[in-house]
Amino acid sequence: MPEQMSTNGQTAVIILAAGRGSRAGSGAPKQYRNLLDKPVIARTLEVFLSAFEDFEPAAVIVPVIHADDHELFQQCVVGIDGLAEPVIGGATRQQSVRNALEQLAENPPDYVQIHDAARPFVTKGLIRSLFSIVDNGTSAAVPTRAVVDTLVRKSGPSQLEAVARDNLYTVQTPQVFKFDEILAAHRAAKHDNYTDDASVFTAGGGEVTFVEGLEQNFKITTAEDFQKAKRMIAGDCTDVRVGSGYDVHRFEGGNSVRLCGIEIPHDKKLKGHSDADVALHALTDAILSAIADGDIGTHFPPSDEQWRGAVSEKFLSFACGRVRDLSGMISHLAVTIICEMPKISPHAAAMRERVADIVGIDVSRVSVQATTTEKLGFAGRGEGIAAQATATIKLPERSIF
Ligand code: CTP
Ligand code: MG
């Protein structure tokens, strides 16, 4: 039985991504930057989509973006289905929420959950527990965490005043509200500088139920937060998989071979349906093997005309995409090219660079070796080239989510 999340009525989720991320240093707005190969916003959206998988009726997920960010947004959500048309945000977070609420008001849901795109470590569990609280009849549920550090107010260049931390909390998103009540509170708000919706709601007289927030559900705000986020993802990837791949292509008449994406002059070429890059094929298979996701032929059948003459970089990129879909990391790739000729060693450095470039990992994680077979067998007779590869991949432990 799939796990059910019960909320009686139509539900909407607002994902706020219209900010500029000015505290996160230079570069694209923080929600569009990569966290180990996957944009922050894609990670956030994926948690919501998976939390709502079994949800009846289906939740509407509304991203709120800056008017300048259409292209960035589209690039970051490639392959993510089931989102509503993005709403254009406002100059402040509060205005961005208001714009989305007004858009939803045309066909009002019963409940709305509002979340910062910059909190990619939100969990399915938190999303579901917030809904179960409003299901029990309250109007709003808000995650908070008690302040644990000593608090002071700097009152001069070298002076401070102690601030008692009793009853002081930090507030997180997602926050869930009865839709008509949060809409009314936003419309009645006296200013537009509230930095969360629970504040808007209670300023309008509403009452909220508090839920224990999660330490991991922090908001990426500074450049240092990106380092912390990367460490968290890397730390979660404890499920280590090793895959292997092997491929052979025979020679035919020609004047160059393509190996690891590098064209090498030779008095023959490799015969194949695609560009016959035997090394990239072995690497692609090694990656697919590590995630137990079939092989190159499963995904790119040789019978399919569209792959005739295909550049094998495409196959390797595809396999990397499958790892990304699992929120995994490619830790190491090794390929051994087996042939008498051409000589591989003069090209090995360029091959490593090329593979690292396609995969998007550091070159120190890519090994390219070559060997002959002492003139034995088909490779020894110069009939073709074989390649054998391994891929080491780290996946998140599913049990933690
Ligand atoms: N946000 C928004 N519209 C705004 C401002 C913020 O949708 N006008 C969103 C941000 O994209 C972010 C969330 O609200 O997901 C929380 O805001 P914050 O952390 O302050 O993000 P930024 O405003 O982008 O960052 P900064 O304040 O450092 O510029
Ligand atoms: Mg801000």
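This is a short chat about the predicted model shown above.

Me: Quick overview first. How many helices and strands are in the chain?
Reply: The chain of this predicted model has twelve helices and 19 strands.

Me: And what does the C-alpha trace span along its principal axes?
Reply: About 85 × 55 × 40 Å.

Me: What percentage of the residues count as buried?
Reply: 47% of the 401 residues.

Me: On to pockets. What volume does the largest pocket have?
Reply: About 910 Å³. It has 32 lining residues. Closest to the centre are Lys38, Ala42, Arg43, Glu46 and Ser327.

Me: Which helix gives the most to that lining?
Reply: H1, with six residues. H1 covers 40–51. Strand S3 (38–39) and helices H2 (70–76), H7 (223–236) and H10 (313–325) each supply at least two residues as well.

Me: Which domains does the lining of the largest pocket draw on?
Reply: Domain 1 (11–144 + 173–235) and domain 2 (237–400). Each gives at least three residues.

Me: How does that lining split by class?
Reply: 14 nonpolar, seven polar and eleven charged residues.

Me: Back to Ser327 for a second. Where is Ser327 found?
Reply: In the loop between H10 and S17. Its phi is near 60 degrees, a positive value in a residue other than glycine.

Me: What sign does phi have in most residues other than glycine?
Reply: Negative, for most of them.

Me: Is Ser327 buried or partly exposed?
Reply: Ser327 has a relative accessible area of 24%, so it counts as partly exposed. The cut-off for buried is under 20%.

Me: Which residue in the loop between S14 and S15 has a positive phi?
Reply: Cys260. Its phi is about 50 degrees, although it is not a glycine. The loop runs between strand S14 (256–259) and strand S15 (262–265).

Me: Buried or exposed, that Cys260?
Reply: Buried. The relative accessible area of Cys260 is 0%.

Me: Next, the second largest pocket. What is its volume?
Reply: About 730 Å³. The pocket is lined by 31 residues. Nearest its centre lie Gly19, Arg23, Lys30, Arg93 and Lys219.

Me: Which element has the largest share of that lining?
Reply: H3, with three residues. H3 spans 93–104. Strand S1 (11–17) also supplies at least two.

Me: And the class split for the second largest pocket?
Reply: Eight nonpolar, 14 polar and nine charged residues.

Me: Changing topic: aromatics. How many aromatic pairs are there?
Reply: The count comes to eight. In one of them, Phe48 and Phe52 are stacked, 6.4 Å centre to centre with 15 degrees between the planes. Both Phe48 and Phe52 are buried.

Me: What about Phe121 and Phe218? Why does that pair count as stacked?
Reply: The planes of Phe121 and Phe218 are at 25 degrees, so the pair is stacked. The limit for stacking is under 30 degrees. The ring centres are 5.8 Å apart.

Me: Where do those two rings sit in the chain?
Reply: In distant parts, 97 residues apart. Phe121 is in the loop between strand S6 (111–116) and helix H4 (124–135). Phe218 is in the loop between strand S12 (209–212) and H7. Phe121 and Phe218 are both buried.

Me: Which charged end sits over the ring of Phe218?
Reply: That of Lys228, 4.0 Å from the ring centre.

Me: Which residues form an aromatic cluster?
Reply: Phe300, Trp307, Phe315 and Phe318 form one.

Me: Last topic, the backbone. Which peptide bond leading to Pro174 is cis?
Reply: The one from Thr173 to Pro174, with omega near 5 degrees. Pro174 lies in the loop between strand S10 (169–171) and strand S11 (175–178).

Me: And at Pro342, what is omega?
Reply: Near -5 degrees, for the cis bond from Met341 to Pro342. Pro342 lies in the loop between strand S17 (329–338) and helix H11 (348–359).

Me: What are most peptide bonds, cis or trans?
Reply: Most are trans.

Conventions:
Residues are numbered from 1 along each chain as its sequence is written. Chains are lettered from A and ligands numbered from 1 in the order in which they are written. This is a predicted model: local features need pLDDT of at least 70, side-chain atom pairs count only at pLDDT 80 or more; totals for chains, interfaces and linings use all residues. Side-chain values use heavy atoms; hydrogens and water are left out. On a 1 Å grid over the protein atoms alone, a cavity is a set of points where a 1.4 Å probe fits but cannot get out, and a pocket is an open set with protein on both sides within 12 Å along at least five of seven lines; lining residues have an atom within 4 Å of a point. Grid points are joined across faces, edges and corners, and a volume is the space filled by probe spheres set on the points. Helices (H or I, at least four residues) and strands (E, at least two) are DSSP runs, numbered from the N terminus. Ala, Val, Leu, Ile, Met, Phe, Trp, Tyr, Cys and Pro count as nonpolar, Asp, Glu, Lys and Arg as charged, and the others, Gly among them, as polar. Domain bounds come from an automatic or database domain assignment. Rings of Phe, Tyr and Trp (its six-membered ring) pair if their centres lie within 6.5 Å; planes under 30 degrees apart count as stacked, over 60 as edge-to-face and the rest as tilted. Buried means under 20% relative accessible area, exposed over 50%, partly exposed in between (1.4 Å probe, protein chains only). A charge sits over a ring if NZ of Lys or CZ of Arg is within 6 Å of the ring centre and within 35 degrees of the ring normal.
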